[in-house]
Amino acid sequence: MYSGASNFVHGVDKVFYIILGISFFFLIVITFLMILFIIKYNRKKNKIAVQVKEKAYLEVTWILVPMALVLLMFYYGWEGFLPMRKVPENAMVVKTTGQMWQWTFEYPNGKVSQDLILPVNEPVKLDLISKDVIHGLFIPEFRVKEDVVPGKYNYAWFIPQETGDFDIFCSAYCGVRHSYMHSYVKVVSKEEYRKILAELPDKPAEGTTDGLTVIQNNGCVGCHSLDGTIIVGPSFKGLFGSSIIVNTDGIERTLTVDEEYIKSSIYEPNKDIVKGFNTGLMKSYKDIIKEEDIVKINGYLKTLK
């Protein structure tokens, strides 16, 4: 019995081996014919060129054979793809959020985690959401890959069939720390799943998050470090109250980082670009981060001396 880490392994692998087999077959045949023709029809043996009359059966053959092969590959590909879009009614739904540069998983009971914890042999549906740019949820050992596009709903589903840890990657280049966007699917027994789920932290209630949580939940630490390390943008450490040189519409000026500057940088990130950093790397969070949360961010930044 052919098994695998998920219920889609068999279907995807079958298509892969069929296409690989066809490719190798033609590689060998074409290479053989090339060598044969080089020897048989060498110019030294056939000094006078001869007009070759067309043969209808040959032309029909090399039209119908490739068409049949393409239709064969399409059939098995379609056969493997259809089950990936038919989600069982009893599937557990996990809200999956991609943002620069981390994955966050929210379970039906409100618990959240950075790794996806799942019970073995239970169907699960991942509702895919992006907070910023295009990401791609890719679980190689499950043969699952779906685009995660901001403003567009998408989903993936599967049944984990083996216990263990399986890699989750982002398959779409999403910025300079794209390669760091890595998590795991941790497949455990049903008893262990219930135990782990109970120990996970709850999703912060609306309006109760502190500044650090707001920063982490919105992926800010992916570009702005908390320890002085320069990543994509300026570090948050020692930023508040400092004097910085910014480029505003091509004009350099010096300003002090205060509450208004932080708010402006969140809502209009390309208005005042700190000298030494690039424009266009951050999108506006005006519709994502509320003004009361900006107050909490400011309060936290004041503590990072």
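How many bridges join E1 to strand E5, and do the two run parallel or antiparallel? There are 7 bridges between E1 and E5 (residues 124–130), and the strands run parallel. Some notes on the rest follow.

1. Ground rules. This is a predicted model, where local features need pLDDT of at least 70 and side-chain atom pairs count only at pLDDT 80 or more, while totals for chains, interfaces and linings use all residues. Residues are numbered from 1 along each chain as its sequence is written, and side-chain values use heavy atoms, with hydrogens and water left out.

2. Strand E1 and its partners. Helices (H or I, at least four residues) and strands (E, at least two) are DSSP runs numbered from the N terminus, and two strands count as paired if DSSP finds at least two bridges between them. Besides E5, E1 is joined by 5 bridges to strand E2 (residues 102–106), this time antiparallel. E1 and E2 make a hairpin, with 2 residues between them. Lys95 is a handy residue to click on: its bridge partner in E5 is Asp127, and its bridge partner in E2 is Glu106. E1 is mostly covered, with 6 of its 8 residues buried. Buried here means under 20% relative accessible area, exposed means over 50%, and partly exposed is in between (1.4 Å probe, protein chains only).

3. Helix H1. The 32 residues of H1 should span 46 Å at 1.5 Å a residue, and its end C-alpha atoms are indeed 46 Å apart. The expected span is 1.5 Å times one less than the number of residues. Val9, Asp13, Val15 and Ile22 are buried in H1. What do the buried residues of H1 pack against? They pack against H2, with contact meaning heavy atoms within 4.5 Å.

4. Salt bridge from H1. The structure holds 12 salt bridges, each being a side-chain nitrogen of Lys or Arg within 4 Å of a carboxyl oxygen of Asp or Glu. One of them joins Asp13 to Arg143, with the closest N and O atoms 2.8 Å apart. Asp13 sits in helix H1 (residues 9–40) and Arg143 in the loop between strands E6 (135–139) and E7 (144–148), so this pair ties together parts 130 residues apart in sequence. Asp13 is buried, at a relative accessible area of 10%, whereas Arg143 is partly exposed at 29%.

5. Salt bridge to E7. Arg85 and Glu146 also meet in a salt bridge, 3.0 Å from N to O. Arg85 is in the loop between helix H2 (56–81) and strand E1 (92–99), and Glu146 is in strand E7, so the pair links parts that are 61 residues apart in sequence. Glu146 is buried, with a relative accessible area of 16%, while Arg85 is partly exposed at 24%.

6. The E12-E11-E13 sheet. These 3 strands form an open sheet in that order, with antiparallel pairing. E12 and E13 are the edge strands, each pairing on one side only. Strand E11 (residues 243–248) is joined to E12 by 6 bridges, and Thr248 has Ile251 as its bridge partner in E12. A salt bridge starts from E12 too: Glu252 to Lys275, with the closest N and O atoms 3.9 Å apart. Glu252 lies in strand E12 (residues 251–256) and Lys275 in the loop between strand E13 (273–274) and helix H6 (291–301), so the pair ties together parts 23 residues apart in sequence. Glu252 is partly exposed at 48%, and Lys275 is exposed at 51%.

7. Cysteines. How many disulfides does a search of the whole structure find? The count is 0, taking a disulfide as a pair of cysteine sulfur atoms within 2.5 Å. Cys174 has its closest cysteine sulfur in Cys170, 3.9 Å away, which is too far for a bond. Both count as buried: Cys170 at 7% relative accessibility and Cys174 at 6%.

8. Nonpolar cores. A nonpolar core is a set of buried Ala, Val, Leu, Ile, Met, Phe, Trp, Tyr and Cys residues joined through side-chain atoms within 4.5 Å. The largest has 38 residues, of which Tyr107, Leu116, Phe142, Phe158 and Val185 touch the most other members. Leaving aside residues up to four places away in sequence, the contacts of Tyr107 include Val94, Leu116, Tyr193 and Leu200. A second, separate core of 22 residues includes Ile244, Tyr261, Ile289 and Ile297.
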